Amino acid sequence: MGATHLKIQGGEFAKRLQGAVEGEVYFDAFSRGRYATDASIYQMEPLGVVVPKTPEDVEAAFAIAGENEVPILARGGGTSQCGQTVNVALVIDTSKYLDRVVSLDPEGCRVVVQPGLVLDQLNEILRPYDLWFPVDISTSSQATIGGMAGNNSCGARSIRYGTMRDNVVSIGALLANGQHTTFGEVRAETHHEDPALGIQNLTERLLKIGRREASEIEARFPKLMRRVGGYNIDALTPDQSGPINLAHVLVGSEGTLAFFEKIELALSPLPRSTVLGICHFPSFYEAMVATKAIVSLEPTAVELVDRTLIDLARDIDLFRNVIAEVIQGEPEAVLLVEFAETEEGENLRRLEYLRDLMGDLGYDTGMVEVIAPQMQRAVWGMRKQGLNIVMSMKGDGKPISFVEDCAVELEDLPEYTARLDAIFQKYNTRGTWYAHASVGTLHVRPVLNVKLDQDVKKMRAIAEEAFALVREYKGSHSGEHGDGIARSEFHESMFGGRIVSAFQEVKRAFDPENRLNPGRIVDPPRMDDRSLFRFKPDYRSSEPNTAFDWSLWGGFSGAVEMCNNNGACRKLSGGTMCPSFRATRDEQHSTRGRANALRLALSGQLGSGSITSSDMAESLKLCVGCKACRRECPTGVDMAKMKIEVMRQQVAENGLPLRDRLFGFFPRYAPWMARAPYIANLQSSIVGSKMSEWLFGLAANQPLPHWARQPFNPASISVGHNDGPEVLLFADCFNRYFEPDNLQAAVDVLVSTGRRVRFVAPVGDETRPLCCGRTFLSVGLVEEARQELTRLVKATSEWVDRGIPVVGLEPSCVLTLRDELPELIPNGAELASKAMFVEEYLVEEHRAGRLALDLRTGKSSEILVHGHCHQKAANAFSPTIEALQMIPDVKIATIESTCCGMAGSFGYQADTQKVARNIGELDFLPAIREASEDTIIVADGTSCRHQVASATERKAHHAIAVIRDALPEAVKCGRYTF
């Protein structure tokens with residue numbers, strides 16, 4: 001059945017799958033669009049998507065697909081760079097549910113896992129046993145073991161640990177005909193001729209290929225570890241140094257031979273200590289020349305970072321401090337050299353040998369030692385994001401993956417790279433270089449605009465000349481990232497027709513009906529077939545009228561297209577991004593999934609009006625606006641701001657729902673509600689909560705914040721020392737009406753340091769308190785937010801012009817002044833530059849010697865601090881810790897977590913409350929519950945504190961309140977402001 005005909009009949013096919021599968025089944029346009037891309041330049045819309053909950057779901061999907069002659073594409077994290085995880089097929093996504101450890105044998109250093117288990121999660125499980133799986137690829141936070149096996153992944157330390165093939169013991173697989181079998185070691189003399197014997201016959205067919213083609217394989221296969229192109233039929237030859245292992249034929253097969261159900265892995269001891277030497281070179285060529293000598297010292301890794309990557313990383317908040325710490329001057333290239341021997345002393349000795357070697361090579365001051373584990377992790381974190389860093393180039397020209405992982409011998413590396421660079425120059429482009437110098441595999445990506453036919457022709461010409469160059473050096477055209485669409489068509493020129501025929505024979509032996517990921521490795525399309533591209537020949541993206549300035553990216557669509565689909569937002573631990581994906585594990589609710597939906601809508605691929613459709617609203621619904629992607633996505637996809645733009649259009653098209661009106665207009669009606677707080681607090685009653693759920697869609701079992709009996713309402717325009725330094729206190733709506741004591745605490749602390757505290761007040765006859773407009777932005781009411789910000793700028797201009805700092809307490813409000821204000825108000829930049837957290841002000845003044853706090857040991861010696869998402873996204877969390885450290889004799893710990901889950905109004909809504917609680921239960925709430933009763937919980941965000949109160953019955957405090965409590969009683973000012 002053809003793909004077009006299948007789509008017409010897709011309703012019945014989908015119904016059969018939905019009836020047979022316990023997991024999720026998707027056939028809608030938005031879902032298919034989200035699975036149409038991976039980290040490559042290609043886009044192919046699948047026929048449907050199955051997210052199996054059990055192995056039986058996979059078996060059922062195979063059977064139903066087989067009956068309908070539907071191809072099948074196995075998929076994990078979708079991080080492939082060559083197009084091997086996109087196809088016109090039924091996608092089976094293993095990453096959500098099939099992610100378990102089946103068995104673990106620590107003594108035997110073996111583990112059996114399901115295919116959807118993410119590498120970092122596996123290594124976290126293995127850590128208590130002092131073991132790890134050492135194929136540590138750069139996408140370890142999102143890549144699945146099944147995908148790594150399908151791709152024959154390698155990683156930075158392959159010089160010590162080998163490739164995926166070297167570490168896979170056996171694979172339990174489901175064949176295209178529905179048969180389950182385990183592939184592992186077999187004897188070369190096995191003979192089974194009876195076709196009825198099934199797998200035994202398959203084994204014999206494979207062994208026959210190995211025996212027959214042994215001499216051709218010896219002649220044509222590159223003699224390199226980093227040879228991952230084609231099928232590993234060299235594993236079938238009879239002259240193996242060890243037993244023949246049929247699992248090694250499956251490794252690197254890209255889902256074309258079988259579906260991996262269980263994978264047995266060999267484990268390695270976890271290195272006890274490591275050291276890092278960062279070797280600086282004045283030219284790229286000199287770095288390449290030095291690599292072979294450095295490898296002779298037997299390091300565990302030698303990774304290249306070139307000047308382009310260094311410069312791009314400097315412009316990314318997440319990596320700026322790392323670059324400043326470890327890069328000296330302006331090198332054209334650096335090599336990251338790691339030693340990880342058993343004894344720490346031996347590592348230090350080898351580091352000294354490296355320094356001596358650099359001196360012998362003429363680079364006496366060319367090495368920076370990195371001993372501290374935390375800084376080593378930061379350096380490797382930067383290196384792991386190399387792809388995303390180079391993809392952070394703004395504009396349509398991007399470093400493109402198609403010749404990025406060719407491999408040559410180390411002695412050929414300097415000349416090879418110089419000649420390859422000359423090819424780039426011939427076509428008026430340049431390459432970005434980084435990665436695995438230790439094994440002669442450098443990730444090099446020429447900068448091209450694949451929206452242009454002329455650049456696609458350049459890509460074709462560069463590929464042909466580059467691969468010819470690789471053959472000249474007897475290298476490998478595919479050294480790590482597999483074949484997919486980008487390289488499969490070049491197998492014949494690399495291996496010869498006879499080997500390619502053998503590949504085809506292997507494919508037919510496993511999959512005679514060509515149902516498993518067809519067109520990859522064998523019988524491929526052309527790599528430059530633009531009908532398969534993400535940006536097809538007719539690709540056009542509309543540019544909507546926007547509230548924010550996206551000109552740096554060439555417009556809103558350009559900012560959306562910055563998502564390169566590498567999937568860093570799918571990480572399950574570390575940092576904050578992406579809370580909703582971590583809680584749901586759904587592609588739809590990842591930053592990548594949302595960006596793809598937006599790109600497809602803007603380019604008309606989801607139909608007219610899709611940007612304001614209910615499907616788009618659903619796609620963005622669980623985005624909590626944490627801003628983490630702005631910092632942690634190396635390509636800078638700011639989904640929180642993009643969501644505001646889309647909601648703005650949706651409100652204009654569809655109107656504002658009553659619940660959004662309730663939350664958005666909070667600053668306008670709050671002064672009236674505050675006059676009768678007992679009425680406002682009726683929502684917490686049983687009747688009130690049920691009414692709120694019925695009227696506004698609020699969760700009946702989630703109480704709203706409690707209105708204070710008396711809001712913060714300063715009786716005078718300033719308090720404190722008339723001759724002291726002035727500071728302007730901005731009272732946000734949340735603390736003003738719900739927790740005014742926090743604002744009083746800020747006054748107490750500031751006045752105790754000799755400050756004169758002024759209060760931001762409306763200008764003229766206005767009486768309504770000022771607001772930053774955050775609640776309006778959260779529901780897409782940008783114009784209303786602009787009005788509020790205009791009032792605020794006008795009211796503060798006198799003080800801002802005089803250079804007086806404006807301090808606030810609520811993270812989302814303070815950072816609205818820094819982030820959104822300058823874009824929405826023409827003259828808002830001055831206020832933005834003066835806006836700061838009260839803790840930032842205290843720390844800055846203390847560092848400058850202008851402020852001293854007389855603090856006493858508090859009620860507890862232990863403080864546990866949670867950073868608000870916006871604080872962490874703006875790199876503004878550390879001042880909170882530093883300010884708390886001014887309290888004597890306290891032990892401060894931070895909660896390593898994603899969002900608290902409450903996220904403004906998100907946790908109060910009936911339809912998102914469950915996800916909000918699930919987000920909190922990932923890390924945040926368990927850490928609160930595990931803290932001792934005497935531990936003080938600190939959270940600057942109002943919603944964070946409320947999540948703590950409602951989910952754990954503990955009380956969380958704003959940092960400034962804890963600091964105030966440490967003041968001597970005689971110094972505290974008293975409640976004279978309200």
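This tour goes through a predicted model, moving from a seven-stranded sheet to the helices beside it, then to a hairpin and finally to the enclosed cavities.

**The open sheet**

Begin by selecting the strands of the open sheet, whose seven members follow the order E17-E14-E16-E15-E19-E20-E18 with antiparallel pairing. Colour strand E17 (367-370) and E18 separately, because these two stand at the edges, each with a single partner strand, so that one side of each is left without a neighbour in the sheet. Then move inward to strand E15 (residues 301-306) and strand E16 (residues 333-339), which run antiparallel and are joined by six bridges. To follow this pairing at the level of residues, select Val302, which stands opposite Val337 in E16.

**Helices beside the sheet and beyond**

Next, display helix H15 (residues 344-360), which packs on the sheet and touches strand E14 (275-281), E16 and E17. If you look along E14, the direction of H15 makes about 10° with that of the strand.

From there, select helix H14 (residues 317-326) together with H16, whose residues are 373-384; the two helices pack at an angle of about 115°, with their axes 10 Å apart. The crossing of H14 with H16 is left-handed. Show the side chains of Phe319, Val322, Ile323, Glu325 and Val326 in H14, and you will find them meeting Met375, Ala378, Val379, Gly381 and Met382 in H16. By class, the residues of this contact divide into eight nonpolar, one polar and one charged.

**The hairpin and its further partner**

Now select residues 101-105 and 110-113, which are strands E5 and E6, an antiparallel pair joined by four bridges. The two strands form a hairpin with four residues between them, and in the turn Cys109 has a positive phi of about 55°. Within the pairing, Asp105 of E5 is found opposite Arg110 in E6.

Keep E6 on screen and add strand E12 (residues 259-266), with which E6 pairs in the antiparallel sense, again over four bridges. Here the residue to pick out is Val113, whose bridge partner in E12 is Ile263.

**The cavities**

Finally, turn to the interior spaces: the structure holds ten cavities of 30 Å³ or more, and the largest of them contains about 680 Å³ of space. To centre the view on the largest cavity, select Thr79, Gly147, Met148, Asn151 and Ser153, which lie nearest its centre among the 46 residues of its lining. The elements that each give two or more residues to this lining are strand E3 (72-75), helix H6 (145-151), E12, H16, helix H17 (386-390) and strand E19 (431-436), so named here that they can be selected in turn. H6 makes the largest share, with five residues. By class, the lining of the largest cavity has 13 nonpolar, 25 polar and eight charged residues.

Where should you go for the second largest cavity, and which residues lie nearest its centre? Select Met391, Lys398, Ile400, Arg534 and Phe535, which hold that position within a lining of 23 residues. About 320 Å³ of space lies inside this cavity. Strand E18 (398-399) and strand E20 (441-448) each supply at least two residues of the lining, and by class the lining has eleven nonpolar, six polar and six charged residues.

How values were computed. Residues are numbered from 1 along each chain as its sequence is written. This is a predicted model: local features need pLDDT of at least 70, side-chain atom pairs count only at pLDDT 80 or more; totals for chains, interfaces and linings use all residues. Side-chain values use heavy atoms; hydrogens and water are left out. Two strands pair if DSSP finds at least two bridges between them. On a 1 Å grid over the protein atoms alone, a cavity is a set of points where a 1.4 Å probe fits but cannot get out, and a pocket is an open set with protein on both sides within 12 Å along at least five of seven lines; lining residues have an atom within 4 Å of a point. Grid points are joined across faces, edges and corners, and a volume is the space filled by probe spheres set on the points. Ala, Val, Leu, Ile, Met, Phe, Trp, Tyr, Cys and Pro count as nonpolar, Asp, Glu, Lys and Arg as charged, and the others, Gly among them, as polar. Axes are lines fitted to C-alpha atoms, for helices over the stretch in contact, and angles run from 0 to 180 degrees between N-to-C directions. A crossing is left-handed if the near helix is turned anticlockwise from the far one by less than a right angle, and right-handed if clockwise. Contact means heavy atoms within 4.5 Å.
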